[in-house]
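Q: Let's go through this model bit by bit, starting with the vocabulary. What relative accessible area makes a residue count as buried?

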Amino acid sequence: MPGILEGIRVFDLTIAAVGPWASKLLGELGADVIKVEAPEGELSHAIPPPIKGTAVLYISANFNKRNIVLDLKNEGDRAIALKLIEKSDIFVQNMRPGAVERLGLGFDVVSKINPRLVYVAASAYGRVGPMAKEAGIDPNLQAFSGWCSITGQPGGEGEMFRHLAHLDISTSTMIVEAVLQALLARERTGKGQKIEIEMLAGALSLQTSRLAEYFATNEQPKPMGSAVTTTVPHQAFLCEDQQYIAVGVVSEDQWPRFCRALKLDDLSNDPRFITNPQRVRNRTELIPLVEARFRTKPAAWWAIRLTKEQVPNSRIMDFEGLRYHPQVVQNQQIVELQTPHWGTLHVEGLPWKFEKTPAGPIRPGGLKGEQTDEVLRELGLL
């Protein structure tokens, strides 16, 4: 059965993570994604670690694509690109504002040869303003968007979120959402359109609740380690075996169950802690009592107790444990992928499961320019 984007072609002029991950997702939905690179290759080739000479980032961000090389500074190759764009449905690029326009592939140019084209221009900070022409990467955006100001230990310095692609890939998913909406609009109007997406806007949207706290109170949220500002107890606790367990009491009916799990029934009706607002106000009194109890038993013991009482909890997993966990394995959230260049890889599974228009299967991408002749010949451009 064909994928939901079967018959849709993507001209992929993307680099690093934001753009490539977005077009990869479109490929996993069934689109024919043509990744276009300059002869020297895009910057992710230089980011370690490699597998058999190819950067892991380049491999993982470019599944379900066909790879071609075009020198867009060369008039002949640029003409080929325009012919390919004419036969495409979607154009995705995440270069610094102005770079693609200098190559002669700005929206004003390509929309004239293909009025049905959905054109995505992703940038770091936006296409206007004093920082419009600045390049941006995930850590920089974490810093500028305020993310680092609310991350870290209480009273400590701000910290980066160690998953350095979090803002990148969150922006990628927003690109996919926008593309699908633009394709739907095209079905109604017959016309394509330009979509502008900024990492900064995406980063702020991910912090909606923290921004709401700030605007409501006019007080800057402070770093709280693993704890959250709005519900208590809701954080990670160190256990007897020096392993952590994350617990979240997010509704009033969970509070007495949490107390039963910890055999701290007297806290359940303590007037200082009986409602969540009271627990938030009296956090400094409650948390040491809970921390002391968690240190008396190993994490697995507490996980059994909390799960029995239906209190949200999770042990802190590492990738090695996660890779073989039956929940992950049975839902195909990590899968094996056979590749012609890099052997057997373990990769993330598909993030969606459609009943009637299945996504995937995940296919390995190729080396830089590997399918150039194939693609150009298929489209009558060679």
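A: Exposed means over 50% relative accessible area, buried means under 20%, and partly exposed is in between (1.4 Å probe, protein chains only). Heads-up: this is a predicted model, where local features need pLDDT of at least 70 and side-chain atom pairs count only at pLDDT 80 or more, while totals for chains, interfaces and linings use all residues. Residues are numbered from 1 along each chain as its sequence is written, and side-chain values use heavy atoms, with hydrogens and water left out. Back to your cut-off: buried means under 20%.

Q: Is Leu322 buried, partly exposed or exposed?
A: Leu322 sits in helix α15, residues 319-323 (helices, H or I, of at least four residues and strands, E, of at least two are DSSP runs, numbered from the N terminus). Its relative accessibility is 31%, so Leu322 counts as partly exposed.

Q: Which residues make a nonpolar surface patch of about 330 Å²?
A: Patch residues have over 30% relative accessible area and no salt bridge; nonpolar side chains (Val, Leu, Ile, Met, Phe, Trp, Tyr) are joined within 5 Å, like charges within 9 Å. Areas come from the Shrake-Rupley method with a 1.4 Å probe, and for residues only the protein chains shown count as cover. This patch is made by Met317, Phe319 and Leu322.

Q: How many residues of helix α1 are buried?
A: Helix α1 spans residues 18-28 and is mostly covered. Even Lys24 and Glu28 are among its buried residues. The tally is 11 of 11.

Q: Which backbone nitrogen lies 3.3 Å from a polar atom of the side chain of Ser123?
A: Ser123 is in strand β7, residues 118-123, and is buried at 7% relative accessible area. Leaving out residues up to four places away in sequence, Ser123 touches Pro97, Ile197, Glu198 and Met199 (contact means heavy atoms within 4.5 Å). The nitrogen you're after belongs to Gly126.

Q: How far apart in sequence are the parts tied together by Phe107 and Tyr119?
A: The rings are edge-to-face, 5.5 Å centre to centre with 65° between the planes. (Rings of Phe, Tyr and Trp, its six-membered ring, pair if their centres lie within 6.5 Å; planes under 30 degrees apart are stacked, over 60 edge-to-face, the rest tilted.) Tyr119 is buried at 0%. Phe107 is in helix α5 and Tyr119 in strand β7, so the parts tied together are apart by 12 residues.

Q: What is the angle between the planes of Trp255 and Phe258?
A: These two are 3 residues apart in helix α10, which means about one helical turn separates them. Trp255 is buried at 1%, and Phe258 is buried at 1% too. Their rings are stacked at 5.8 Å centre to centre, and the angle is 20°.

Q: How far apart in sequence are the parts that Glu374 and Arg66 tie together?
A: Their side chains meet in a salt bridge at 2.9 Å, N to O (a side-chain nitrogen of Lys or Arg within 4 Å of a carboxyl oxygen of Asp or Glu). Glu374 is partly exposed at 41%, whereas Arg66 is buried at 14%. Glu374 is in helix α17 and Arg66 in strand β5, so the separation is 308 residues.

Q: Which residue forms a salt bridge with Arg260?
A: Arg260 is partly exposed, with a relative accessible area of 37%. Its partner is buried at 17%. The closest N and O atoms are 3.2 Å apart, and the partner is Glu309.

Technical notes: A polar contact is a pair of N or O atoms within 3.5 Å; within protein, one must be able to donate a hydrogen and the other to accept it, and residues adjacent in sequence count only if both atoms are side-chain atoms.
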